[in-house]
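Please look over the sequence and the structure shown here, and keep both in view while reading. The paragraphs that follow go from a sheet to a helix, then to a single loop residue, and end with the chain as a whole.

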Amino acid sequence: SDADNDRPLIFALTSPDAVQKRTVRISLALLFLVFLALVPFATFELRRYDGFFPAYTSARVVVETITACLLFSLFRTLRTRSVLMLGGGFLFSALMAIGHIYAFTHIHAVEGAADDAGRTTAWIYFMWHGGFSLALLAYGLLDSEPPKVLPQRSRTEIVVAVCVVVAAVVAALYLSSAASGLAAVLEGKQSRSNLVFVAVGTALLNVAAIIAVLRRRPGKVLDLWVLTVACAWLFETGLAALINHGQFDLGWYAGRLYGLLAAAFLLSMLLIEHSRLYRGMLQHQASMQRSSVEQLQVAVTSLSVAQRAASAGFWDWDIRTGALRWSDELFQLFGLDPRADVAEFAVWRKVVHPDDLAQAEARIAEALERKTPLYNRYRIVRATGDVRWIDVHGDVVRDESGAATRMTGLCIDVTDRVAA
């Protein structure tokens with residue numbers, strides 16, 4: 001649409017419009033209202049579905065990995081550290097989700113491992129969500145504007161960021177495993193009182209990230225999307241770790257869905273925006289092509305009028321291929337029919353007066369050899385027997401080595417001038 005074409009191409013650097021603000025407000029309102037509706041029933045026990053958690057985690061890993069890749073690609077365009085940090089946060093979340101599903105399935109697959117694996121799973125969950133909240137907090141605190149001097153090694157910075165994320169994931173998983181020997185955070189399938197302190201700390205990190213994103217000035221479109229993600233993560237922590245009673249209750253299931261929605265929301269917005277940008281690029285390209293065609297038509301018409309007014313004709317010679325091109329006006333100047341005759345040297349030699357042909361060819365050779373503009377005056381004989389005087393002006397185009405590649409110029413009828 002025309003409105004889309006008027007919007008700047010780099011959406012992460014633009015201020016949100018009314019539609020974007022309204023979309024985010026509605027999304028946040030729905031997330032909050034559903035959260036409030038679920039709170040009274042969060043401890044309600046539901047049936048255990050063994051396939052739910054692997055399917056949920058797989059979907060989340062795929063969504064967050066794609067989101068991270070899109071954000072890294074956006075960083076290569078914007079070169080802002082905040083976008084790089086956000087991409088690293090989503091990659092961290094995807095990798096931690098893999099560790100979490102491994103520990104979770106270990107609880108139910110290895111006999112006698114429930115206690116240790118359960119504690120490890122809880123620590124992984126909170127390090128996972130705490131680490132991602134730290135990434136959101138860093139996004140909110142870092143400068144939202146691109147640097148004045150753009151670094152050229154963006155690919156290197158992305159590789160370094162990925163390595164740091166992988167190292168952080170390995171460290172978090174190791175510490176989670178080591179923490180299983182400390183005070184238990186999860187006893188069997190039920191939450192213990194000290195779980196609340198860890199969950200509250202994770203939630204506070206999330207709240208700090210929300211505040212940091214809200215305080216970013218000037219606010220950008222991407223900030224609204226990140227704000228929605230941060231709020232969804234807060235609701236997930238509340239349902240799955242603070243309000244619920246244990247695994248496989250309503251809060252546990254709903255919290256996971258909130259986490260998946262958070263990842264899917266930003267991915268959806270990025271894909272929609274990339275689709276809009278691609279559509280805008282195609283429309284711009286089509287507009288440029290139409291404009292170029294129109295300008296070319298105007299130029300051709302203007303040249304044709306100028307040639308007729310000056311009794312002149314345009315010619316072009318591709319020296320490498322030997323191909324000649326004459327304008328319709330030049331055909332008419334030579335007394336030829338552009339629809340029946342062809343532009344070639346054999347035809348030109350028949351048109352040039354026999355007494356002037358040798359001199360005309362010599363002047364062409366001289367211009368090529370001496371690297372000078374072409375100028376010549378000779379007579380032509382039309383098929384009707386009419387003799388006309390022609391002035392020839394041409395320029396030689398050369399490549400980097402100095403070799404002539406083409407010659408272009410005009411033939412002008414100066415018979416009346418010569419007669420005068």
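In this predicted model, strand β3, which covers residues 312-318, pairs with β4 in the antiparallel sense, and the pairing extends over 4 bridges. One place to find this pairing is W315, whose bridge partner in β4 is W326. These two strands belong to an open sheet of 5 strands, which has the order β4-β3-β7-β6-β5 and antiparallel pairing. At its edges are β4 (323-326) and β5 (374-381), each of which pairs on one side only. From one strand to the next, the twist averages 25°. Across β3, β5, β6 (387-398) and β7 (404-413) lies helix α12, made up of residues 354-370, and this helix runs at about 160° to β5.

A second helix, α2, gives a chance to check a length by simple reasoning. Because a helix is expected to rise 1.5 Å a residue, the 21 residues of α2 (residues 18-38) should span 30 Å, and the C-alpha atoms at its ends are indeed 30 Å apart, which agrees. At the start of this helix, a side-chain oxygen of D17 comes to within 3.2 Å of the backbone nitrogen of V19.

Which residues of α2 are buried? They are Q20, V24, S27, L31, F35 and L38. Viewed down the axis of α2, the buried residues fall within an arc of 70°, and therefore they line one face of the helix. The general rule behind such a pattern is that an α-helix has 3.6 residues a turn, so residues three or four places apart point the same way. The face of α2 that is turned away from the buried side carries the exposed residues A18, R25, L30 and L33.

A loop residue can be buried as well, and the next example is F248, found in the loop between α8 (221-243) and α9 (250-309). F248 counts as buried because its relative accessibility is 6%, and the cut-off for buried is under 20%. Although F248 and L46 are 202 residues apart in sequence, they are 5.8 Å apart in space, from C-alpha to C-alpha.

Finally, consider the whole chain, which holds 13 helices and 7 strands. Of its 420 residues, 44% are buried. Among the contacts in the chain with a separation of 6 or more, 70% are accounted for by residues 24 or more positions apart.

Conventions: Residues numbered from 1 in each chain as written. Predicted model: local features only at pLDDT ≥ 70, side-chain atom pairs only at ≥ 80, totals over all residues. Heavy atoms only, no water. Expected span 1.5 Å × (residues − 1). Buried < 20%, exposed > 50% of the residue type's maximum accessible area, 1.4 Å probe, protein only. Arc of directions from axis to C-beta. Polar contact = N/O pair within 3.5 Å; in protein donor to acceptor, adjacent residues only side chain to side chain. Pairing = 2+ DSSP bridges. Axes fitted to C-alpha atoms, helices over the stretch in contact; angles between N-to-C directions. Contact = heavy atoms within 4.5 Å.
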